[in-house]
Amino acid sequence: MEEKIRLQKFLAEAGVASRRKAEELIAEGKVYVNGRVARIGDKVDPKKDSVTLSGKKIKRETQNVYYMLYKPRGYVTTMSDEKDRKCVAELMQNVSKRVYPIGRLDRDSEGLLLFTNDGDFANALMHPSRHIQKVYRVSVRPAITESQITVLTSSLMIDGRKTMPAEVRVLSRDTDKSTLEIVLYEGRNRQIRRLCDEAGLETLRLKRVSIGQLSLGKLKPSEYRELTSAEVAALKRESGSY
């Protein structure tokens, strides 16, 4: 007999959202278990209990899938948006399974974004203790100085906690702008843009080109593809989700 599991774990395994987002949905009163409003901490029996989200019955997925998308600028990283903005769900409509994004890229940023219905994998990949390398190509204005590079490689307070220092390499430097490669080991909210603001730099373009060993490759904006088994295995090793 299958033991009961936490409701947010069930929702994550059903491909509804990450565990963190699932907790938000529960707190907002959008999730029901056997006809009653669910609460944080509830557990369910996946075989017996009826779970609904906004009136739609949720079933746990039996097959995990993994995708990468080149998110273009102008899209928010969510599967629905109450402000009626363009969201990444519109770009993943032909995927047969219900998937959700792992982490996020802000609306004005672009590049590599992962999707899955594997809640444990998503949770491990996003966990701050994993320190998985994420590489960004960033265009800034004006031309960067050595003192500004020092600011970019310094820790920053975000939500009351210091960030891990970023690594910065200057790829090109013109009279009025520079192109940088910035490596982060955390996924803190708008960290690169905040660092650039702190350094007195205007962020012209921000593109994530890789996560761990996985790179954007030849994907074009709005294109997506399924990850190979080798790519999934590599990310699982890096995130410790095996």
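Start by selecting Met126: leaving out residues up to four places away in sequence, Met126 touches Ser18, Ile102 and Gly103. What you have open is a predicted model, so treat each stop on this tour as a look at a prediction.

**Stop 1: Met126 and its helix**

Keep Met126 selected and add Gly103. These two are 23 residues apart along the chain, and their C-alpha atoms are separated by 6.4 Å. Is Met126 buried or exposed? Neither label fits: with a relative accessible area of 27%, Met126 is partly exposed. Met126 belongs to helix 3, so colour that helix next; helix 3 covers residues 119–126.

**Stop 2: where two helices cross**

Now add helix 6, residues 229–239. The axes of helix 3 and helix 6 are 9 Å apart, and the two pack at an angle of about 55°. At that angle the pair counts as oblique, and the crossing is left-handed.

Which residues meet here? Show side chains for Phe121, Ala124 and Leu125 on helix 3, and for Leu235, Lys236 and Ser239 on helix 6. Sorted by character, the residues of this contact are four nonpolar, one polar and one charged.

Stay with helix 6 and select its buried residues: Glu231, Val232, Ala233, Ala234, Leu235, Lys236 and Ser239. What do they pack against? Helix 3 is one of the partners, and the others are strand 7 (66–71), strand 9 (110–116), strand 15, strand 16 (214–215) and strand 17 (224–226). Just after helix 6 comes Gly240, with a positive phi near 70°.

**Stop 3: strand 15 and its partners**

Strand 15 deserves a colour of its own; select residues 202–211. Visit its pairings one at a time:

- Strand 9 pairs with strand 15 in the parallel sense, over two bridges. Look for Glu110 opposite Lys207 of strand 15.
- Strand 10 (residues 134–141) pairs with strand 15 in the antiparallel sense, over eight bridges. Pick Val135, and its bridge partner in strand 15 is Ser210.
- Strand 16 runs antiparallel to strand 15 and is joined to it by two bridges. Here Ile211 stands opposite Leu214 of strand 16.

Zoom in on the link between strand 15 and strand 16. They form a hairpin with two residues between them, and Gly212 in the turn has a positive phi of about 60°.

Before leaving, select Thr203, also in strand 15. Thr203 has 16% relative accessibility and so counts as buried. Setting aside neighbours within four places in sequence, Thr203 is in contact with Val138, Ser139, Arg193 and Cys196.

**Stop 4: a second hairpin**

Select strand 13 (residues 167–173) and strand 14 (residues 178–184), which pair in the antiparallel sense over six bridges. How many residues lie between them in this hairpin? There are four. Across the pair, Arg169 stands opposite Glu181 in strand 14.

**Stop 5: an open sheet**

Next, colour the open sheet of four strands, ordered 3-2-5-6 with antiparallel pairing. Strand 3 (36–37) and strand 6 (56–57) stand at the edges; each has a single partner strand, so one side of each lacks a neighbour in the sheet. Strand 5 (residues 51–53) runs antiparallel to strand 6, and two bridges join them. In this pairing, Leu53 stands opposite Lys56 of strand 6.

**Stop 6: backbone oddities**

Finish with three spots in the loops. As a background, most residues other than glycine have a negative phi, and most peptide bonds are trans.

Select Arg141 and Pro142 to see the peptide bond between them, which is cis, with omega near 0°. Pro142 lies in the loop between strand 10 and helix 4 (146–152).

Move on to Asp159, in the loop between strand 11 (157–158) and strand 12 (161–162). Asp159 is not a glycine, yet its phi is positive, about 55°. With 71% relative accessibility, Asp159 counts as exposed.

The last selection is Arg190, in the loop between strand 14 and helix 5 (191–199). Arg190 is not a glycine either, and its phi is positive at about 50°. At 40% relative accessibility, Arg190 counts as partly exposed.

Definitions and conventions
Residues numbered from 1 in each chain as written. Predicted model: local features only at pLDDT ≥ 70, side-chain atom pairs only at ≥ 80, totals over all residues. Heavy atoms only, no water. Axes fitted to C-alpha atoms, helices over the stretch in contact; angles between N-to-C directions. Parallel < 35°, antiparallel > 145°, perpendicular 65-115°, else oblique. Left-handed = near helix turned anticlockwise from the far one by under 90°. Contact = heavy atoms within 4.5 Å. Nonpolar A, V, L, I, M, F, W, Y, C, P; charged D, E, K, R; others polar. Pairing = 2+ DSSP bridges. Buried < 20%, exposed > 50% of the residue type's maximum accessible area, 1.4 Å probe, protein only.
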